Amino acid sequence: MRLLAIESSCDETAAAVVEDGRIVLSSVIASQIEEHKKYGGVVPEIASRRHSEAIVQVTRQALEQAGCVLQDLDGIAVTYAPGLIGALLVGVNFAKGLALSTGLPLIPVHHLRAHIASNYITTPDLKPPFLCLVVSGGHTHLIQVEDYTKLSILGHTRDDAAGEAFDKAARAMGMPYPGGVHLDKIAEKGDPSQFVLPHPKVDGCPYDFSFSGLKTAVINLIHNASQKGDALSVADLSASFRQAVIDCLTERVIRAMEDTGHKKLVVAGGVSANSLLRRRFAQECEQHGWSLYVPELNLCGDNAAMVGAQGYYEYQAGHTAGMDLNACAAMSVSFDRAASGN
Ligand code: KG4
Ligand code: ZN
């Protein structure tokens, strides 16, 4: 089954052609990062406008690179939630237009489910059940993936997402948006023992996360140093911050793996590109005898190939939509659209 997939939930306009949920025939991404950098973060109105401008060309390129035309496709998969509402609407309305004009089935895909599915592309024999840590710019979730379309949330962040905390700490240290990748690179040269940072916990909720206190601790350190005129090593502070975030993630993940008895650990989302996270999780999984799955680096961030991968399984489960499909800014990864009748 060959799907055209569309992604426009944040600041990447992407289209891909994916076969049977695992084989990527093409994947095109038009990033808006350079434009949003000027403002230190994504400006939603600009994002929507750029998606509208790019989506036709990006889709054309994805079809061309896959060597196919619309008649060769079996369905249109599209990210419909969660994300920036104006940005999502561009992709959803474009996909609806294509589905209406071609008569192809329209397949709505949840963005976090798509991130998880990036691992089905990287590891073609990966199958649920497994435990998944989704760490992106907007979400930090511990999810039990019981089946491709049956997911339950074990824990989540109570405030900032891990990627958001990385970006805000990086911004306070003067790095450009999105700072996570820059902070990761600089941290490689620093000493993580130079700053003692908090490792916040949520009382009574062993699988939940909290990163805003950690982020604020870093911002306070920077302000205090600048008020006193003290020099502060950005490399050491980056390394200490990165270590604290990865400590918090690792601790919850180990506990959840032990408590649930899962043997497969899957990581997904932009922060799964983090080099310390990849090293630390590899060590822990080796020690505990668990198998670790992480997406290849070019599938960690937002892309449409992962939407095509998840779209295949949503279609198999009968999850298609009509012309009344709407975009949704917030939606749980466990939400069953078909059962809800929406
Ligand atoms: O999944 P994603 O592309 O977009 C969302 O759905 O949010 O995630 C983007 C996030 C950003 O916060 C970015 O800074 C972070 O992933 N990120 C990283 C790294 N690469 C990207 N954070 C830490 N270390 C990295 N190497
Ligand atoms: Zn994402």
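The legends below describe close-up views of a predicted model.

**View 1. Zinc site (ligand 2) of the predicted model.**
The zinc ion (ligand 2) has as its protein donors His111 through NE2, His115 through NE2 and Asp302 through OD, at 2.0 to 2.1 Å. The site is tetrahedral, with angles of 94 to 133° among the four donor atoms of the zinc ion. For comparison, the ideal angle for four tetrahedral donors is 109.5 degrees. Along the sequence, the donor residues follow the spacing H-x3-H-x186-D.

**View 2. The two histidine donors in helix H4.**
Helix H4 carries both histidine 111 and histidine 115. These histidines are four residues apart, which corresponds to about one turn of the helix. Histidine 111 and histidine 115 are both buried. Each of them supplies an NE2 atom to the zinc ion (ligand 2).

**View 3. Packing of helix H4 against helix H10.**
Helix H4 spans residues 111–122 and helix H10 spans residues 305–316. Their axes lie 7 Å apart and form an angle of about 95°. H4 is therefore roughly perpendicular to H10, since angles of 65 to 115 degrees are classed in this way. From H4, the contact is made by His111, Arg113, Ala114, His115, Ala117, Ser118, Tyr120 and Ile121. From H10, Ala305, Met306, Val307, Ala309, Gln310, Tyr313 and Glu314 take part. By class, nine nonpolar, four polar and two charged residues make up the contact of H4 with H10. The zinc donors His111 and His115 are among the H4 residues in this contact.

**View 4. Surroundings of arginine 252 in helix H8.**
Helix H8, formed by residues 234–260, contains arginine 252. Arginine 252 counts as buried because its relative accessibility is 3%, and the cut-off for burial is under 20%. Residues up to four places away in sequence being left out, arginine 252 touches Leu142, Pro200, Lys201, Pro206, Tyr207, Asp208 and Phe209. Of these contacts, aspartate 208 lies 44 residues from arginine 252 along the chain, with 7.5 Å between the C-alpha atoms of the two residues.

**View 5. Surroundings of serine 48 in helix H2.**
Serine 48 is located in helix H2, which covers residues 44–66. With a relative accessible area of 16%, serine 48 is buried, as the limit for this class is under 20%. Apart from neighbours within four places in sequence, serine 48 contacts Gly86, Ala87 and Val90.

Key: Residues numbered from 1 in each chain as written. Chains lettered and ligands numbered in written order. Predicted model: local features only at pLDDT ≥ 70, side-chain atom pairs only at ≥ 80, totals over all residues. Heavy atoms only, no water. Axes fitted to C-alpha atoms, helices over the stretch in contact; angles between N-to-C directions. Parallel < 35°, antiparallel > 145°, perpendicular 65-115°, else oblique. Contact = heavy atoms within 4.5 Å. Nonpolar A, V, L, I, M, F, W, Y, C, P; charged D, E, K, R; others polar. Donors = N, O, S within 2.8 Å, 3.2 Å for Na, K, Ca; no water. Tetrahedral: all angles 85-135°; square planar, octahedral: opposite > 155°, others 65-115°. Buried < 20%, exposed > 50% of the residue type's maximum accessible area, 1.4 Å probe, protein only.
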